[in-house]
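Work through the exercises below with the structure open. Each task is followed by a stepwise solution.

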Amino acid sequence: MFAGSIGYAVLTGFYGLVTNPYLALVLLIMMGPAYQLRDVAQETIYQNTCSNRILPKVIAAKSTLVQAVFILSIAFVGTVADLFGVRFVYLFSSSMLLLTALTGMIALVYNKYSIEIDKTPAERRGDI
C-alpha cells in the first residue's frame with residue numbers, strides 16, 4: 001500500500017511539472033497501476049480485519065465517506081485552481097499524498113509490535 005501511495009504521489013508531482021503532452025500521457029498511464037496497488041491493498045486490509053458480519057457495513061460507510069469527500073473536494077480544488085493555477089493543485093496533491101504515505105509508514109513502524117502477526121486473517125476476524 002505504501003509503495004503504491006508513494007509511487008502515485010511522485011507521479012502526480014511529476015505530472016504537475018510536465019509540459020510535454022506525450023510525457024504527461026505516459027505518466028497518467030503509469031499512475032494507474034500505482035493507484036490500483038494502493039486501492040487493492042486497502043480493500044484487502046478491510047477484508048482481513050473486519051468480520052464477515054460487519055464487512056458490508058464498513059465498505060458501505062467507506063464508500064459514502066469517499067463520495068462525500070469527493071463532492072467537497074471538487075469545490076475546493078476548483079477554487080484553488082482558480083486562485084493559484086492547476087499546476088499548484090497537482091503539486092499540492094502530491095505533497096499531501098506523500099505526507100499521508102509517510103505518516104502511515106511511521107505509524108506502522110511505531111506500532112509494528114502491536115499487530116497480531118501470529119494469527120491468520122480468519123482468526124483475527126473471529127471466523128475460526
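Two residues are in contact when heavy atoms lie within 4.5 Å. Buried means under 20% relative accessible area. The model is predicted.

**Exercise 1. Describe the fold: which elements does the protein have, and in what order do they run?**

Step 1. Count the elements. The protein has five helices and zero strands.

Step 2. Read from the N terminus. The order is α-α-α-α-α.

Step 3. Check burial. Of the 128 residues in the protein, 17% are buried.

Step 4. Check contact range. Take the contacts with a separation of 6 or more: 62% of them join residues 24 or more positions apart.

**Exercise 2. Analyse helix α2: what span is expected, which residues are buried, and what covers them?**

Step 1. Start at the beginning of the helix. A side-chain oxygen of asparagine 20 comes to within 2.8 Å of the backbone nitrogen of tyrosine 22.

Step 2. Work out the span. Helix α2 covers residues 21-49, which is 29 residues. The expected span is 1.5 Å times one less than the number of residues. That gives 42 Å for α2, and its end C-alpha atoms are 42 Å apart, so the two agree.

Step 3. List the buried positions. They are Ala24, Leu27, Met31, Ala34, Arg38 and Ala41.

Step 4. Find the cover. It includes α1 (2-17) and α4 (86-110).

**Exercise 3. Repeat the analysis for α4: what span is expected, and which residues are buried?**

Step 1. α4 has 25 residues, so at 1.5 Å a residue it should span 36 Å. Its end C-alpha atoms are 36 Å apart, which agrees.

Step 2. Val89, Ser94, Leu97 and Ala101 are the buried residues of α4.

Step 3. Their cover includes α1, α2 and α3.

**Exercise 4. Place valine 10: is this residue buried, partly exposed or exposed?**

Step 1. Locate the residue. Valine 10 sits in helix α1.

Step 2. Apply the cut-offs. Partly exposed lies between under 20% and over 50%. Valine 10 has a relative accessible area of 35%, so valine 10 is partly exposed.

Step 3. Relate valine 10 to methionine 31. They are 21 residues apart along the chain, and their C-alpha atoms are separated by 9.3 Å.

**Exercise 5. Characterise the largest pocket: how much space lies in it, and what lines it?**

Step 1. The volume is about 1200 Å³.

Step 2. The lining has 33 residues, and Tyr8, Tyr35, Arg38, Ser73 and Leu97 are the closest to the pocket centre.

Step 3. α1, α2, α3 (55-84) and α4 each give two or more residues to the lining. α3 gives the most, with 11 residues.

Step 4. Sort by class. The lining holds 22 nonpolar, eight polar and three charged residues.

Technical notes
Residues numbered from 1 in each chain as written. Predicted model: local features only at pLDDT ≥ 70, side-chain atom pairs only at ≥ 80, totals over all residues. Heavy atoms only, no water. Helix = DSSP H or I, 4+ residues; strand = E, 2+ residues; numbered from the N terminus. Buried < 20%, exposed > 50% of the residue type's maximum accessible area, 1.4 Å probe, protein only. Polar contact = N/O pair within 3.5 Å; in protein donor to acceptor, adjacent residues only side chain to side chain. 1 Å grid on protein atoms, 1.4 Å probe; cavity = no way out; pocket = protein on both sides within 12 Å on 5 of 7 lines; lining within 4 Å. Points joined across faces, edges and corners; volume = space filled by probe spheres on them. Nonpolar A, V, L, I, M, F, W, Y, C, P; charged D, E, K, R; others polar.
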